[in-house]
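Please look over the model below with an eye to its aromatic rings, its nonpolar cores, its main pocket and its cysteines. The report takes these topics in turn.

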Amino acid sequence: MNKFLFIFILLIFYNSFSQLNFKTYFKKVENGFEFLADNNEYCPVSVEVDLELVNLSTSNGNFRTYAIPARTTGFVITTLKAKKAGAYKYNSKTRYNYGDFENKVKDTVAAEEYIYNLPFKKGKKFKVSQGYNGVQTHQKINALDFIMPIGTDIYAAREGVVIKVVDYNTKTCVTKGCLEYNNFILIYHSDGTFSDYVHIDTNTAQVKPGDNVSKGQLIAKSGNIGWSTNPHLHFEVFKQDIIKRETLKTKFKINDGTEAPIYLEESVKYQRKY
């Protein structure tokens with residue numbers, strides 16, 4: 001008869017990001033369990049794990065955040081082993097989101113040093129209608145709104161891998177509740193940051209999840225979909241955390257690209273000649 005008695009397992013998954021193609025699970029091993037993760041996303045996913053253990057030890061601590069590499073299955077987060085003969089049990093709570101949270105400081109510095117292209121076609125000129133920390137909808141957000149006619153070509157401001165594409169929505173409205181109708185393309189960068197291209201027109205995405213995009217590549221057409229008061233492109237770069245994102249100011253090449261890169265300002269028109 002097995003000298004270790006397993007009484008019950010209580011799994012509690014607190015996660016508001018169920019749209020991620022990610023899961024955690026337990027596998028029985030001798031005298032305990034392995035706690036594993038499958039990450040089928042095209043970027044790392046960080047998972048915060050909180051364990052409550054009775055007569056079990058864990059190889060990596062009871063409360064910790066782990067970065068699970070992209071496109072990885074069967075990743076061992078931690079191993080639980082019975083300490084002594086008798087009953088054992090555990091509770092597990094997890095939260096997770098896109099990104100590798102362990103490199104937050106390094107990645108933020110790298111992102112702020114990177115020089116971005118203007119996200120539109122060579123020869124075009126567009127006005128920034130709302131800048132960083134704008135008074136309309138950008139309070140405490142480092143994001144930019146470019147006024148653009150519907151159907152304007154949008155180009156990647158930076159190279160990366162496409163993580164998510166939503167371009168099936170058709171509804172436009174002016175309240176925050178309309179966020180759920182935003183069309184967007186989300187791109188992951190090599191330094192761990194993301195760029196978000198929002199309000200793209202319906203069925204105009206030229207890329208799909210898993211695609212590697214180059215800087216200056218056509219990715220979609222601008223629109224007026226979701227939470228929007230006029231046709232425009234909303235662009236932001238951010239570092240993701242479990243619950244919220246940290247948006248970052250970014251420098252751009254303007255005109256012919258020979259001038260010193262700058263932070264774009266509200267109510268100013270910028271031209272791309274490169």
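## Aromatic cluster and pairs

Five rings form one aromatic cluster: Phe 26, Phe 33, Phe 35, Tyr 88 and Tyr 90. The model is predicted. Across the whole structure, a search finds 16 aromatic pairs. One of them joins Phe 33 and Tyr 88. Their ring centres lie 6.3 Å apart. Their planes stand at 70°, past the 60 degrees needed, so the pair is edge-to-face. This pair links distant parts of the chain. Phe 33 belongs to strand E3 (residues 32-39), Tyr 88 to strand E8, and 55 residues separate them. Both Phe 33 and Tyr 88 are buried.

Phe 194 and Phe 238 make another aromatic pair, and this one is stacked. The centres are 5.3 Å apart, with 15° between the planes. Here too the pair links distant parts of the chain. Phe 194 sits in strand E16 and Phe 238 in strand E20, 44 residues apart. Phe 194 has 0% relative accessibility, so it counts as buried. Phe 238 has 1%, so it also counts as buried.

## Nonpolar cores

How many residues does the largest nonpolar core have? The count is 32. Those with the most contacts inside this core are Leu 118, Phe 146, Ile 185, Tyr 197, Ile 219 and Leu 264. Several strands give two or more residues to the core: E10 (125-130), E11 (143-147), E15 (184-188), E18 (218-221) and E20 (232-240). Strand E20 gives the most, with three residues.

A second core is separate and has 31 residues. Among them are Val 47, Leu 51, Ala 82 and Tyr 188. In soluble globular proteins, nonpolar side chains tend to be buried together.

## The largest pocket

The largest pocket holds about 1,300 Å³ of space. Its lining is made of 42 residues. Nearest the centre of the pocket lie Leu 179, Asn 182, Asp 196, Glu 236 and Arg 245. Strands that give two or more residues to the lining are E8 (86-98), E10, E13 (160-166), E15, E16 (194-198), E20 and E21 (245-248).

Which strand gives the most to this lining? Strand E20 does, with six residues. E20 also gives the most to the largest core. By residue class, the pocket lining divides into 12 nonpolar, 18 polar and 12 charged.

## Cysteines

A search of the whole structure finds one disulfide. Cys 173 and Cys 178 form this bond, with their sulfur atoms 1.7 Å apart. The torsion about the S-S bond is about -130°, so the disulfide is left-handed.

Are these two cysteines buried or exposed? Cys 173 has a relative accessible area of 15%, under the cut-off of 20%, so Cys 173 is buried. Cys 178 is buried as well, with a relative accessible area of 5%. Cys 43 is at 0% relative accessibility and likewise counts as buried.

Methods
Residues are numbered from 1 along each chain as its sequence is written. This is a predicted model: local features need pLDDT of at least 70, side-chain atom pairs count only at pLDDT 80 or more; totals for chains, interfaces and linings use all residues. Side-chain values use heavy atoms; hydrogens and water are left out. A disulfide is a pair of cysteine sulfur atoms within 2.5 Å. Buried means under 20% relative accessible area, exposed over 50%, partly exposed in between (1.4 Å probe, protein chains only). A nonpolar core is a set of buried Ala, Val, Leu, Ile, Met, Phe, Trp, Tyr and Cys residues joined through side-chain atoms within 4.5 Å. Helices (H or I, at least four residues) and strands (E, at least two) are DSSP runs, numbered from the N terminus. On a 1 Å grid over the protein atoms alone, a cavity is a set of points where a 1.4 Å probe fits but cannot get out, and a pocket is an open set with protein on both sides within 12 Å along at least five of seven lines; lining residues have an atom within 4 Å of a point. Grid points are joined across faces, edges and corners, and a volume is the space filled by probe spheres set on the points. Ala, Val, Leu, Ile, Met, Phe, Trp, Tyr, Cys and Pro count as nonpolar, Asp, Glu, Lys and Arg as charged, and the others, Gly among them, as polar. Rings of Phe, Tyr and Trp (its six-membered ring) pair if their centres lie within 6.5 Å; planes under 30 degrees apart count as stacked, over 60 as edge-to-face and the rest as tilted.
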